[in-house]
Each structure stands twice: as C-alpha cells, then as structure tokens.
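These are my notebook entries on one protein structure. I looked up a few features in turn and wrote down what I found.

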Amino acid sequence: MRELTSHKVNGLNEALTIKVTDEPGQGNACHEYEVSLQKDEATRKEWLISFQNGPIAEAGLNGISGEALLAIVEDRLIGFQSGPFACRENAVALTKLQESMMWLQKRTRDRMARGVEGTNVK
C-alpha cells in the first residue's frame, strides 16, 4: 500500500489521506484507492474508489472510469464559476479538465473505430 500526497496544499487536503490499495494491473495502472478524512480523534470518514479492472469484453463492467471522476470535478468547477467564487484559476482548471476529457474520449473513439475498445489490444 502506498500513499499519494500530490493533493496536499491546505487544511482539508492535509487531512485527506489517499492510499493505493492494489498493485498495478495489466496496463500498469492501479485500480483500488482508499480516501479517508480524519476530522478529529472520534470522527473518520472513508471512501473507496474502484476503477474498471481489466478489459470490459473479458472482465465485464466492474468499476468507474477516470472520465467519470473528471465529470464530477468538471460539474463542481462549473458550479463555482457560476457563483460567487468564480475566478481565473477555476476557469483555467476547468478548461484543462475539459481538454483532458476531450483527449480521453478521442482515445476511446479511436479504439472503437479500430474495433479494439474493451480489449487489451493496442
């Protein structure tokens, strides 16, 4: 098990612990993450995040996608940008997030066009 720390920058993120709880799979990426928040000695919250593990054609649907997490963050930033917390930094982050989604969806569409989506074929 290893811990991720790249998110740590302020009080909330310092209190959040992210642990990778599995070993890299066929594509060299991990699939299981545990996020925990220790608010005080008596209060702890935990969330488990399980990504799709293995090609859908072989393993079936068994986890979420990176695109699903990006969609959640995109929705939050759109909300902030439409409210009193709109700022340049959020706008740039939203643009880069949407660009990331575009590239991931392009990869999927290209794989679909080649007939290899849902498999381990390149």
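**Entry 1. Ser65 and its surroundings**

I began with a definition: a polar contact is a pair of N or O atoms within 3.5 Å, where, within protein, one must be able to donate a hydrogen and the other to accept it. I also noted that the model is predicted.

With that cut-off in hand, I looked up Ser65. A polar atom of the Ser65 side chain lies 3.0 Å from the backbone nitrogen of Ala68. I located Ser65 in the loop between helix 2 (56–59) and helix 3 (66–81). Is Ser65 buried or exposed? Ser65 is partly exposed, because its relative accessible area is 31%, and that category lies between the limits of 20% and 50%.

I then checked one distance along the chain. Ser65 and Gln52 are 13 residues apart in sequence, and their C-alpha atoms are separated by 6.2 Å.

**Entry 2. The sheet**

I next asked in which order the strands of the sheet are arranged. Four strands form an open sheet in the order 1-2-3-4, with antiparallel pairing. Strand 1 (2–4) and strand 4 (44–50) are the edge strands, each of which pairs on one side only. On average, neighbouring strands of this sheet are turned by 25° against each other, direction ignored.

I went through the pairs one by one. Three bridges link strand 1 and strand 2 in the antiparallel sense, and Leu4 is found opposite Ile18 in strand 2. Strand 2 (residues 16–20) is joined to strand 3 (residues 32–38) by five bridges. Thr17 faces Ser36 in strand 3, and the bridge partner of Lys19 in strand 3 is Glu34. Between strand 3 and strand 4 I recorded seven bridges. These two strands form a hairpin with five residues between them.

**Entry 3. The two faces of strand 2**

I recalled a general point: in a regular strand the side chains alternate between the two faces of the sheet. Strand 2 shows such an alternation. Leu16, Ile18 and Val20 point to one face and are buried. Thr17 and Lys19 point to the other face and are not buried.

**Entry 4. The nonpolar cores**

Which residues make up the largest nonpolar core? I listed eight: Leu16, Ile18, Val20, Cys30, Tyr33, Val35, Leu37 and Phe51. Strand 2 and strand 3 each supply at least two residues of this core. Apart from this core lies another, of five residues, among them Leu70, Leu94, Leu97 and Met101.

I followed Phe51 further. Not counting residues up to four places away in sequence, Phe51 touches His31, Tyr33, Asn62, Gly63, Ile64, Ser65, Gly66 and Leu69. The residue of my opening entry, Ser65, is thus on the list for Phe51.

**Entry 5. Ser36 in strand 3**

I returned to Ser36, which lies in strand 3. Ser36 counts as buried because its relative accessible area is 4%, under the limit of 20%. The bridge partner of Ser36 in strand 4 is Glu46. Leaving aside neighbours within four places in sequence, Ser36 is in contact with Ala15, Leu16, Thr17, Arg44, Lys45, Glu46 and Trp47. With Arg44 there is also a polar contact of 3.2 Å between the two side chains. I compared this with a remote position: Ser36 and Pro84 are 48 residues apart in sequence and 29 Å apart in space, C-alpha to C-alpha.

**Entry 6. Asn28 and Asn13**

I looked up Asn28 in the loop between strand 2 and strand 3. Most residues other than glycine have a negative phi. The phi of Asn28, however, is positive, near 75°. Asn28 counts as exposed because its relative accessibility is 61%, which is over 50%.

Asn13 is placed in helix 1 (residues 11–15). The side chains of Asn13 and Asn10 make a polar contact at 3.0 Å. Not counting residues up to four places away in sequence, Asn13 touches His7 and Lys8.

**Entry 7. The cysteines**

How many disulfides does a search of the whole structure find? The search finds zero. I also noted the accessibility of two cysteines. Cys30 is buried, since its relative accessible area is 10%, while Cys87, at 28%, is partly exposed.

Notes
Residues are numbered from 1 along each chain as its sequence is written. This is a predicted model: local features need pLDDT of at least 70, side-chain atom pairs count only at pLDDT 80 or more; totals for chains, interfaces and linings use all residues. Side-chain values use heavy atoms; hydrogens and water are left out. A disulfide is a pair of cysteine sulfur atoms within 2.5 Å. Buried means under 20% relative accessible area, exposed over 50%, partly exposed in between (1.4 Å probe, protein chains only). Contact means heavy atoms within 4.5 Å. Two strands pair if DSSP finds at least two bridges between them. Axes are lines fitted to C-alpha atoms, for helices over the stretch in contact, and angles run from 0 to 180 degrees between N-to-C directions. A nonpolar core is a set of buried Ala, Val, Leu, Ile, Met, Phe, Trp, Tyr and Cys residues joined through side-chain atoms within 4.5 Å.
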